[in-house]
Amino acid sequence: MMEREPPKSRLKVSMELDRISNLPSDFINKILSYLPIREAVRTSVLSSKWRNKSAMLTHLLFDDRCTSDQNPTTFAGIVDHVLLGHIGPIYRFAITHFRPQVGRDIDRWILHLSRNSIKELGLNISCGGHRYKMPSCFFSCQDLIHLVLYNCLLQPPSTFRGFRRVKNCGLFNVALDQDVFENLIVCCPLLERLKLTHCDGLTQFKIDAPNLKVLKFEGVLEDVSFVNTLKLANVRVCLTANVANDQRQTAGSCSNLLKFFVHLPRIQCLHVTNYFLKYLAVGVLPGRLLQPCLYMNFFSIHLDFNDPKEILTVLCLLRSFPALQVLEILARKKDQAVVGDVNYGLDNNQNCHLTKLRIVKITGISGVKAELDFIRLLLSSSPVLEKMIVKPATTNDFQLVNKLLQKLLQFKRVSENAKIFYVDP
């Protein structure tokens, strides 16, 4: 007969049932970091082992899930309670809350964080319709690596010398003076990623950042220039207002296009959206850039096919991107009629030679001559083209659609493998 196993002790049974409590502390902290802060704090009542687990979290995220209609506790009260009972360092602190907050409450939290070697800070808050002014203690957070601010006002003290360790910075609807912005960028020598969206106070965009790799901008600017940005590889610029008309009066022999690319030798991905192409078209347009962009493989543009100078600007860039593999074009809504025609150079050596281009996507076209000529150029200049996706603008004119399809099918394709995909809008 087989011998019976001895009964397990209560302690052993308890340990087997409560496997989560016996996980390493790093694992438990990771699990708690994915919970809403409100639920993470509640785990302190589970057992004596869990009493201080939530109080030792290094990542604190406060959002709208912290409060409820049934719980009368205020959002500020919850943040105060967590910070007051916290043990150890706080590496990441983020607030995403859209109900109006009192500025002095936020001041108190940032003062607390400035004494805790905070490394990641994110504030997305509302202060009753006005921007929250960042307190002076914020500018002493010299361990910051990741910074994201929404709806804030930056007025650093005269002693501020930048955030020497910041690698990732995002400013959204932030107000700051031109000199404050330039000093901030220069004094962040490790900066790798920068995103600016609708920031007030900026008239020019001068970037001096030797380690910058990714840049995204959306808003209004009069001028854009790069200095010491040799590592910049991914750029997205969206100008939401047309400043080209004002610049054409003073451009003379200058070229916005040449000035923009001169410090971007390693650019790989470029998004030119809204009115930014009009800005690049200001001044004298060369046949190609002074130095080709040898690493550029993705190019996305918003193009007004009714403006010959915009088309010539794109042609110049295509001649200067020998490694281009993917091209995306959105036909921008026409601002006004522009008289003029474009010589695409189909019969001379000024033609583009897109020897690496594999995929083209064109959206929003209506079948006008300039659009069809441009498509014909791409098909005749891309020997390894695999796929061209064409999605016209929304229309109920079926005759126009049929005419467009017939034209596309008639165009000569230099690539034997090229296929044209028509997407019904």
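Start by selecting serine 382, which is buried at a relative accessible area of 1%. Keep in mind as you click around that this is a predicted model. Serine 382 sits in the loop that links H11 to strand E17 (387–392). Show its side chain and look for the backbone oxygen of leucine 378, which the serine 382 side chain reaches at 2.7 Å. Next, what surrounds serine 382 once you set aside its neighbours within four places in sequence? Light up Leu354, Leu357, Val414 and Ser415, and you have its contacts.

From there, hop over to alanine 418. Count along the chain and alanine 418 is 36 residues from serine 382, yet C-alpha to C-alpha the two are 9.0 Å apart in space. Alanine 418 belongs to the loop between helix H12 (398–410) and strand E18 (419–422). Buried or exposed? Alanine 418 has a relative accessible area of 10%, and since anything under 20% counts as buried, it is buried. Leave out the residues within four places in sequence, and alanine 418 is in contact with Leu385, Glu386 and Arg413.

Now back up to the helices. Select helix H10 (residues 308–319) together with helix H11 (residues 369–381), and look at their axes: they come within 13 Å and cross at roughly 10°. Angles under 35 degrees count as roughly parallel, so that is how H10 and H11 lie to each other. Which residues make the contact? On the H10 side, pick Ile311, Val314, Leu315 and Leu318; on the H11 side, pick Ala370, Phe374, Leu377 and Leu378. Colour this contact by residue type and you get eight nonpolar residues, with no polar and no charged ones. Leucine 378 should look familiar, as its backbone oxygen is the one that the serine 382 side chain reaches.

Stay on H10 for one more pick: glutamate 310, which is found in this helix. How accessible is glutamate 310? Its relative accessibility is 0%, so glutamate 310 counts as buried. To see what glutamate 310 touches, ignore residues up to four places away in sequence and display Leu277, Lys278, His302, Leu303, Asp304 and Arg332.

Time for some strands. Select strand E13 (residues 269–274), which is mostly covered, with five of its six residues buried. Add strand E12 (residues 234–239): E12 and E13 run parallel and are joined by six bridges. One spot to zoom in on is valine 237, which stands opposite valine 272 in E13. Then bring in strand E14 (residues 298–303), which pairs with E13 in the parallel sense over four bridges. Here, click leucine 270 and find its bridge partner in E14, phenylalanine 299. While you have side chains on display, remember that in a regular strand they alternate between the two faces of the sheet.

Finish with a couple of backbone oddities. Where does serine 117 sit? Look in the loop between helix H5 (103–114) and strand E3 (120–126). Serine 117 is not a glycine, but its phi is positive, at about 55°. Serine 117 is partly exposed, with a relative accessible area of 35%.

For the last stop, select asparagine 151, in the loop between strand E5 (146–150) and strand E6 (152–153). Asparagine 151 also has a positive phi of about 55° without being a glycine. Its relative accessible area is 22%, which makes asparagine 151 partly exposed.

Methods. Residues are numbered from 1 along each chain as its sequence is written. This is a predicted model: local features need pLDDT of at least 70, side-chain atom pairs count only at pLDDT 80 or more; totals for chains, interfaces and linings use all residues. Side-chain values use heavy atoms; hydrogens and water are left out. Axes are lines fitted to C-alpha atoms, for helices over the stretch in contact, and angles run from 0 to 180 degrees between N-to-C directions. Helices (H or I, at least four residues) and strands (E, at least two) are DSSP runs, numbered from the N terminus. Angles under 35 degrees count as roughly parallel, over 145 as roughly antiparallel, 65 to 115 as roughly perpendicular and the rest as oblique. Contact means heavy atoms within 4.5 Å. Ala, Val, Leu, Ile, Met, Phe, Trp, Tyr, Cys and Pro count as nonpolar, Asp, Glu, Lys and Arg as charged, and the others, Gly among them, as polar. Buried means under 20% relative accessible area, exposed over 50%, partly exposed in between (1.4 Å probe, protein chains only). A polar contact is a pair of N or O atoms within 3.5 Å; within protein, one must be able to donate a hydrogen and the other to accept it, and residues adjacent in sequence count only if both atoms are side-chain atoms. Two strands pair if DSSP finds at least two bridges between them.
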